[in-house]
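Q: Can we go through how the two parts of this chain meet, and what earns each label its name? Let's take it one step at a time.

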Amino acid sequence: MQADIAIVGAGVMGCALALELAERGRSVVVLERSIPGAEASSAAGGILGAQAESPGPGPFLELALASRALWRGLAPRLGEVGYRDSGLLKVALDEADLVWLEGIARWNEQLGLPCRRLDAHEVASLQPGLSSQVMAGLLFPEDGVVDAQLLPSALAALATSAGARIVSGGEVRGLAREGRRVIGLETSKGAVLADKVVICAGAWTRKVLPTLSVEPVRGQILVLRGEPGQLGPVTFSRQGYMVPRADGRVLVGSTMERVGFVDEVTLGGLHRVSGIAMELMPGLSGARVVDYWAGLRPGTPDNLPLIGPSGREGVEVLSGHFRNGILLTPISARLMAQRLCGERTDLSLAPFDPRRFL
Ligand SMILES: Cc1cc2nc3c(=O)[nH]c(=O)nc-3n(C[C@H](O)[C@H](O)[C@H](O)COP(=O)(O)OP(=O)(O)OC[C@H]3O[C@@H](n4cnc5c(N)ncnc54)[C@H](O)[C@@H]3O)c2cc1C
């Protein structure tokens, strides 16, 4: 096999990058050891929390706001993937939470970003069924959500229709070299020759190139059967979140555990996430548990992604998106495609340079 660019991994990053490159007329092949979206990408809550997830002003916020804007154009092209940009709610359940919420409200207001302070009454009318302990809320009207269980296959189909090749069941076993030069990938389906290799292997990035600083961070999710049609906003407490889906399911997440490559669901994990649901919406105590799963987020030491050169000639990285890879998909793929095609990038890649940890 031969291509201009060979990508390792068909999670949201690999698929979205393949789409961007194929639309620029590049020949692209994506090697995926399983099926598209088999790992973190289909395990996600799908929250598009550009403001809700940002720690404050800085490179993450800039990247996240740009990506949220791109989502509006991408979503209609993907078909029915449960995309909603109808807002995201953070609530305070005690005095300490009020201080937490106040800090978040302040920097958002200072930057002139859209957000609304809500009293307990306004929160209750926006999201019926929330705990009577809720003291106040903060609404980010432009944040949103997408169904991450539907997203990867839709993104893979769009990339394929644009001309990218996605090879399921194709495990990458190493970089193909000629002397010191990387000339492609060694895979379970034979060698793939390419001018450039891009590693989009999520939590497994270091297994492809050990110098890269990406570590797995496990997250567990519990799914409850709620009432269909009662589609309030995604709601965050300081401990976790609840994501209502149109069919009545409610996703509750999530844990943050550094336990290596173990992606099992545990009793402790379920205890923790069920506690989040009970605290936010005690009325759900009788709700049926319909599913649960765990996934491995690609974490980095500074919680910023790796977008750019790996330090190894011919090898680029698009990984390390930690707990916001769904949100950051459109902008990350665009920036990497712009870089690979020698275009001016929409944002500076300096804060995300993978070599910062070498
Ligand atoms: C529980 C949980 C909740 C989350 N919630 C959210 C959320 O609400 N909002 C949000 O924005 N983000 C969320 N995230 C984070 C988001 O899911 C990730 O940041 C994102 O999916 C990472 O995408 P990726 O393509 O880099 O990695 P992955 O989806 O993990 O894809 C990597 C792919 O590479 C393949 N691969 C690895 N090694 C090889 C190899 N050697 N050969 C071939 N293929 C290989 C894997 O099989 C996999 O398919 C959540 C994550 C978890 C786990």
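Q: How many residue pairs are in polar contact between domain 1 and domain 2?
A: In this predicted model, the count is three residue pairs. To make that list, a pair needs N or O atoms within 3.5 Å, and both residues here are at pLDDT 80 or more.

Q: Which elements give two or more residues to the side of domain 1 that touches domain 2?
A: Those are α2 (40-43) and α7 (205-208).

Q: What makes up that side of domain 1, going by residue type?
A: You get six nonpolar residues, five polar ones and four charged ones.

Q: Why is the meeting of R206 and E215 called a salt bridge?
A: The rule asks for a side-chain nitrogen of Lys or Arg within 4 Å of a carboxyl oxygen of Asp or Glu. The side chains of R206 and E215 come to 2.4 Å, N to O, so the pair fits that cut-off.

Q: How many salt bridges does the rule find across the interface of domain 1 and domain 2?
A: Just one.

Q: How do you know that the domains touch, with their C-alpha centres 30 Å apart?
A: Contact is about heavy atoms within 4.5 Å, so the centres don't decide it. By that test, 15 residues of domain 1 are in contact with 17 residues of domain 2.

Q: What is the area buried between domain 1 and domain 2?
A: About 1,300 Å², with 63% of it from carbon and sulfur atoms. On the domain 1 side, A203, F322 and R323 supply 43% of the area buried against domain 2, more than any other three residues.

Note on methods: Residues numbered from 1 in each chain as written. Predicted model: local features only at pLDDT ≥ 70, side-chain atom pairs only at ≥ 80, totals over all residues. Heavy atoms only, no water. Buried area = accessible area lost by both parts, 1.4 Å probe. Polar contact = N/O pair within 3.5 Å; in protein donor to acceptor, adjacent residues only side chain to side chain. Helix = DSSP H or I, 4+ residues; strand = E, 2+ residues; numbered from the N terminus. Nonpolar A, V, L, I, M, F, W, Y, C, P; charged D, E, K, R; others polar.
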